[in-house]
Amino acid sequence: MNKKVQIQDLGLKDYKDTWDYQEELFQGILDIKSQNRKDEANAKETPNYFLFVEHPHVYTLGKSGDLENLLLNDEQLAAKDATFYKINRGGDITYHGPGQIVGYPILDLDNFFTDIHKYLRFLEDVFIRTLADYGLKGVRSEGETGVWLDVGTPFARKICALGVRASRWVTMHGFALNVNTNLGYFDNIIPCGIRGKAVASLNVELGVETVNEEEVKQKILHYFKELFEAEFL
């Protein structure tokens, strides 16, 4: 089992370009696995990747999502300098944009554990622990993937969204943590298809103008490494 993970920070990058790059890495792992099945005697290790990225304003709709949860038409999207894509991850609609830390772990779970439920819970734990470092109590909300604040109260709000795709235990897509995010862009959708639930951003919760995003990334990597017992390249 290869628990080495290649970390790449792509900076600010177009959503579609990043999606294409994810697909390239994802397919590369699947191709190795396919070849290994044909020639077990000369089996090669499968690589793992962890991509950080920040996207320009974009709305994405998961394969089981409802287009009615996007509250903008094409003209309104253009006026907000935003794009829209229907994509092949789980989940409904979400927003990505500046000030948000987006991460795409592209892992062969055969190198770690073959359990998608456990994978999602471990990802949630990464953010629960990261938020705790800032004095915030992140929790799960029953039946709703992601990390929330003040669940069970009228002030419940989501601070981290998760949406993944997996094939033959290879993962893609991932998470979006609101750090210095303009939450006004969420007003144009019904986030994750859940009515009556608000969204949160770390800077707002801490009452500061900006949170150091590089520091947050390092915390995310620390807890990811700890939980997945990974080695970073």
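## Exercises on strands, rings and burial

In this predicted model, the side chains of strand S5 (residues 93-96) alternate, with Ile93 and Tyr95 pointing one way and Thr94 and His96 the other way, and all of them are buried.

**Exercise 1.** Find in which sense strands S3 and S5 pair, and which residue of S5 stands opposite Val58.

*Solution.* Begin with the two strands as units: S3 covers residues 58-61, and it pairs with S5 in the antiparallel sense over 4 bridges. Then look at a single position, where Val58 stands opposite His96 in S5.

**Exercise 2.** Decide whether the rings of Tyr95 and Tyr185 are stacked or edge-to-face, and describe where the two residues lie in the chain.

*Solution.* The structure holds 16 aromatic pairs. For the rings of Tyr95 and Tyr185, the centres are 5.2 Å apart and the planes are at 15°. Planes under 30 degrees apart count as stacked, so the pair of Tyr95 and Tyr185 is stacked. As for position, this pair links distant parts of the chain, since Tyr95 belongs to strand S5 while Tyr185 lies in the loop between strand S10 (170-178) and strand S11 (198-199), 90 residues apart. Both Tyr95 and Tyr185 are buried.

**Exercise 3.** Classify in the same way the pair formed by Phe122 and Phe228, and state whether each residue is buried or exposed.

*Solution.* The ring centres of Phe122 and Phe228 are 5.5 Å apart and the planes stand at 85°, so this pair is edge-to-face. It links distant parts of the chain, with Phe122 in helix H3 (residues 116-132) and Phe228 in helix H5 (residues 213-228), 106 residues apart. For burial, the cut-off is under 20% relative accessible area; Phe122 has 17% and is therefore buried, and Phe228, at 2%, counts as buried too. Finally, ring pairs join Phe122 and Phe228 into a cluster with other residues, including Phe50, Phe52, Phe112 and Phe113.

**Exercise 4.** Identify the rings over which the charged ends of Lys118 and Lys217 sit.

*Solution.* Take Lys118 to begin with: its charged end sits over the ring of Phe113, 4.5 Å from the ring centre. Turning to Lys217, its charged end sits over the ring of Phe52, at 5.5 Å from the centre of that ring.

**Exercise 5.** Describe the surroundings of Tyr49.

*Solution.* Tyr49 is located in strand S2 (residues 49-54), and its relative accessibility of 12% means that it counts as buried. Leaving aside neighbours within four places in sequence, Tyr49 is in contact with several residues, among them Val5, Leu25, Tyr104 and Leu107. The C-alpha atoms of Tyr49 and Leu233 are 9.3 Å apart in space, although the two residues are 184 residues apart in sequence.

Definitions and conventions
Residues numbered from 1 in each chain as written. Predicted model: local features only at pLDDT ≥ 70, side-chain atom pairs only at ≥ 80, totals over all residues. Heavy atoms only, no water. Buried < 20%, exposed > 50% of the residue type's maximum accessible area, 1.4 Å probe, protein only. Pairing = 2+ DSSP bridges. Phe/Tyr/Trp six-rings, centres within 6.5 Å; stacked < 30°, edge-to-face > 60°. Lys NZ or Arg CZ within 6 Å of the ring centre and 35° of its normal. Contact = heavy atoms within 4.5 Å.
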